[in-house]
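Take a walk through this structure with the chain in view. Each stop takes up one part and looks at its surroundings.

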Amino acid sequence: MGIRIIGTGRYTPERLLTNADLEKMVDTSDEWIVSRTGIKERHIARPDETTSDMAAKAAEAALEIAGINADTLDLIIVSTVTPDMPFPNTATIVQKKIGAAPCVCFDIEAACSGLLYGLNTAYGMMASPLKYKRALVIGAEKLSSIVDWTDRSTCVLFGDAAAAVILENDGDPETPDFYADGVVSANGNYGDILQMPAGGSAMPASHESVDNHLHFIKMGGPKTFQLAVHSMVEACRTLIERATIPLEKIRWVIPHQANWRIISAVAARLDMPERVYQNVERYGNTSSASIGICLDELNRSGQLEKGDYVLTVSFGAGLTWSALLIRW
Ligand code: COA
């Protein structure tokens, strides 16, 4: 059909929060954080820097590399669990900031699986009779705004960032699509192991909800770990079993960058450790931005060539999960 990735971009806020900084905030240590997670530092947005600010910067970087203007976009999808506000959606705010023309704009909330959910959705819309020609898919998160900085079991894990991918349908039936195969799924029975309880219609903001720290990430760490490894490995195995290409053609495996121990457990089970890309030590878990950051790092450092295959895989609150085999 001719739907290709023509640009990638990323943005990370200037301020770095190191493990040494966290040692001064909660009862933790660099040794504990590195041995349990692999994380050494994460970027934290300024108080006045919003999710849409970061998303717009990542989008502009992707537009530049794609060599196209924002006013040629037909579709903008932003994945985030930290929208600027409940409405309007963050995609419309980004649309205004980057100077895009009127087009379809909406947000996706699939937590850390959001970028892959967004790429699946955009591909479906572009391949449909609606024939959207150019799409911008962004994963952007200001997780520092929903992290409880007094809770050592979660505050060491997360960081802020945005990443963007631009898709274009060149209309040439000879051009292979970027979308080689995909798995997208969720299981709502596990919704309570990773959530932000307050701030929605179930528990609107109140003095009590604020006093009880309910506007922050709550997580059952060990259960999340176990489900993460299981869902990511199963999703990858499904794609590997269905793949019609030799597995050597998969140049990179990009798992969601939540935690080095999860990444290595997945890599060991898939038996492709040398092809697994990871950068979690520099960013922490940036939720829906994480896979896009990896893609952009590989793209800009010349480590992706036309015809390479990249196996991306993610899981997140919901639980949601997705794997996408990308043809570069
Ligand atoms: N510093 C020091 N000690 C800490 C700590 C920290 N930052 N956070 C927790 N601890 C303590 C706990 O209080 C507990 O102490 P206790 O035994 O006295 O009660 C101890 O360390 C062990 O906690 P436990 O939860 O068993 O550690 P763990 O080995 O499971 O590692 C995680 C914790 C969070 C790193 C791990 O469960 C994990 O990676 N889970 C998945 C998280 C994730 O990826 N979430 C995002 C999904 S998108």
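In this predicted model, the buried residues of helix α9 pack against four elements: α8, β11 (250-255), α10 (280-283) and β12 (309-316). Which residues of α9 are buried? They are I262, I263, A265, V266, A267 and L270. Several of these sit three or four places apart, as I262 and V266 do. An α-helix has 3.6 residues a turn, so residues three or four places apart point the same way.

Now look at the two ends of α9. At its start, a side-chain oxygen of N259 comes within 2.7 Å of the backbone nitrogen of R261. After the helix comes D271, with a positive phi near 60°.

Strand β11 was one of the packing partners of α9. I254 belongs to that strand. Its relative accessibility is 0%, so I254 counts as buried. What does I254 touch, once residues up to four places away in sequence are set aside? The list is Y277, I291, C294, L295, L298, V310, L311, T312 and V313. K40 is 214 residues away from I254 along the chain, and the C-alpha atoms of the two are separated by 19 Å.

Return to N259, for this residue also meets the ligand. An N or O atom in the side chain of N259 is 2.5 Å from an oxygen atom of the ligand. G221 takes part through its backbone: an N or O atom there lies 3.0 Å from a nitrogen atom of the ligand. R36 uses its side chain, where an N or O atom is 3.2 Å from a ligand oxygen. How much of the ligand does the protein cover? On its own the ligand has 960 Å² of accessible area, and the protein covers 71% of it.

The shell around the ligand draws on several elements. Those giving two or more residues are α2 (30-37), α6 (152-155), α8 (221-242) and α9 (260-270). Helix α8 gives the most, with four residues. In all, 22 residues surround the ligand, and T28, R152, M219, G221 and N259 come nearest. By type, the shell holds ten nonpolar, eight polar and four charged residues.

Move next to strand β1, residues 3-11. Is this strand enclosed or open? Seven of its nine residues are buried, so β1 is largely enclosed by the rest of the structure. Its partner is strand β7 (residues 161-169). The two run antiparallel, and eight bridges join them. One of the pairings links I3 with N169 in β7. In a regular strand the side chains alternate between the two faces of the sheet.

T8 lies in β1. It counts as buried because its relative accessibility is 0%. Two polar contacts involve its side chain. One joins T8 to the side chain of D296 at 2.6 Å. The other runs from T8 to the side chain of N299, at 2.8 Å. Beyond its neighbours within four places in sequence, T8 is in contact with A61, A62, I65, A164, D296, N299, R300 and W328.

Over in β7 sits E168. With 9% relative accessibility, E168 counts as buried, because the limit for buried is under 20%. Its side chain makes a polar contact of 2.6 Å with the side chain of R134. Which residues does E168 touch, not counting those up to four places away in sequence? They are G2, I3, R4, I6, M126, K133 and R134. I3 thus appears twice: E168 touches I3, and I3 has N169 as its bridge partner.

The last stop is helix α4, residues 90-98. Its buried residues are T90, A91, I93, V94, Q95 and I98. They pack against α3 (51-66), β4 (75-79), β5 (104-108) and β6 (134-141). N89 caps the N-terminal end of α4, with a side-chain oxygen 3.2 Å from the backbone nitrogen of A91. Just after the helix, G99 takes a positive phi of about 75°.

Conventions. Residues numbered from 1 in each chain as written. Predicted model: local features only at pLDDT ≥ 70, side-chain atom pairs only at ≥ 80, totals over all residues. Heavy atoms only, no water. Near = heavy atom within 4 Å. Polar contact = N/O pair within 3.5 Å; in protein donor to acceptor, adjacent residues only side chain to side chain. Areas by Shrake-Rupley, 256 points an atom, 1.4 Å probe, with all protein chains shown as cover. Nonpolar A, V, L, I, M, F, W, Y, C, P; charged D, E, K, R; others polar. Buried < 20%, exposed > 50% of the residue type's maximum accessible area, 1.4 Å probe, protein only. Pairing = 2+ DSSP bridges. Contact = heavy atoms within 4.5 Å.
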